[in-house]
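Please look over the sequence and the model shown here before reading on. The report that follows takes up one helix, then the nonpolar core, and then the surroundings of the ligand.

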Amino acid sequence: MRDKYIRTIETRNEEETKAFGKFLGEHAKAGDTFCLTGDLGSGKTVLTKGIAEGLGLSDEVTSPTFALMNIYQGEVPLYHFDVYRLEDPSMIADIGFYDFVGSDGVSVIEWADLIQDYLPDGYIRLDIKRDFKTGSDRRVITVYQKGESMAHVLHALEEREKEL
Ligand SMILES: Nc1ncnc2c1ncn2[C@@H]1O[C@H](COP(=O)(O)OP(=O)(O)OP(=O)(O)O)[C@@H](O)[C@H]1O
Ligand SMILES: [Mg+2]
């Protein structure tokens with residue numbers, strides 16, 4: 001996926017990934033979309049739990065692998081998609097994708113690379129990779145931007161990096 005590279009963030013354990021997600025959720029606005037890519041078990045759902053927490057929702061987020069989408073109601077709702085089991089990308093409209101993405105809530109799409117042609121014009125993508133060399137819980141999260149979207153989140157990220 002040819003999105004604009006922004007920066008990489010490294011996490012050493014699940015808690016750090018979740019904390020990063022929380023930061024993203026705290027700075028997200030209604031209509032924002034986070035696309036998550038990365039292998040099975042890389043930490044996409046963990047990151048989503050953090051985003052939920054940052055939105056002020058419970059972090060009791062479960063993988064919507066079978067349901068394809070879960071809705072968490074709140075001041076700003078979270079629409080959590082996992083399209084791994086979607087039979088065909090073109091079926092995305094059938095699960096209400098376009099009714100939710102870019103609407104009154106924040107959307108998170110796990111396995112977004114499987115529906116590349118159906119993604120909105122603007123999003124932030126987070127690609128999570130394990131470092132098998134270290135064999136540890138380390139993850140490298142690469143942040144990409146599609147279009148000029150969600151500058152408010154990227155600006156906050158820039159400020160955060162300065163502080164670290
Ligand atoms: N640094 C880390 N960040 C995130 N998760 C980690 C980290 N280190 C270890 N883990 C573990 O990796 C697993 C990540 O699982 P998670 O369900 O979030 O993956 P996923 O990318 O959503 O997988 P799937 O593609 O099946 O949906 C968890 O068991 C978590 O405890
Ligand atoms: Mg998952």
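## Helix, core and ligand shell

Helix 4 lies largely in the open, because the number of buried residues among its 13 is one; buried means that 20 or more other C-beta atoms, placed from the backbone, lie within 10 Å of a residue's own, whereas 12 or fewer make it exposed and counts in between partly exposed. Helices (H or I, at least four residues) and strands (E, at least two) are DSSP runs, numbered from the N terminus.

This is a predicted model, in which local features need pLDDT of at least 70 and side-chain atom pairs count only at pLDDT 80 or more, while totals for chains, interfaces and linings use all residues. Residues are numbered from 1 along each chain as its sequence is written, and chains are lettered from A and ligands numbered from 1 in the order in which they are written.

The largest nonpolar core (buried Ala, Val, Leu, Ile, Met, Phe, Trp, Tyr and Cys residues joined through C-beta atoms within 7 Å) has 35 residues, of which F34, L36, I51, L78, V108 and L126 touch the most other members. Among the elements that give two or more residues to this core are those tabulated here.

| Element | Residues |
|---|---|
| Strand 2 | 33–37 |
| Strand 4 | 78–82 |
| Strand 5 | 106–110 |
| Strand 6 | 123–130 |
| Strand 7 | 139–146 |

Around ligand 1 there are 18 residues, and T17, G43, K44, T45 and D137 come nearest, a residue being near if its C-beta atom, placed from the backbone, lies within 6 Å. Helix 1 (14–27) and helix 2 (44–54) each supply at least two residues of this shell.
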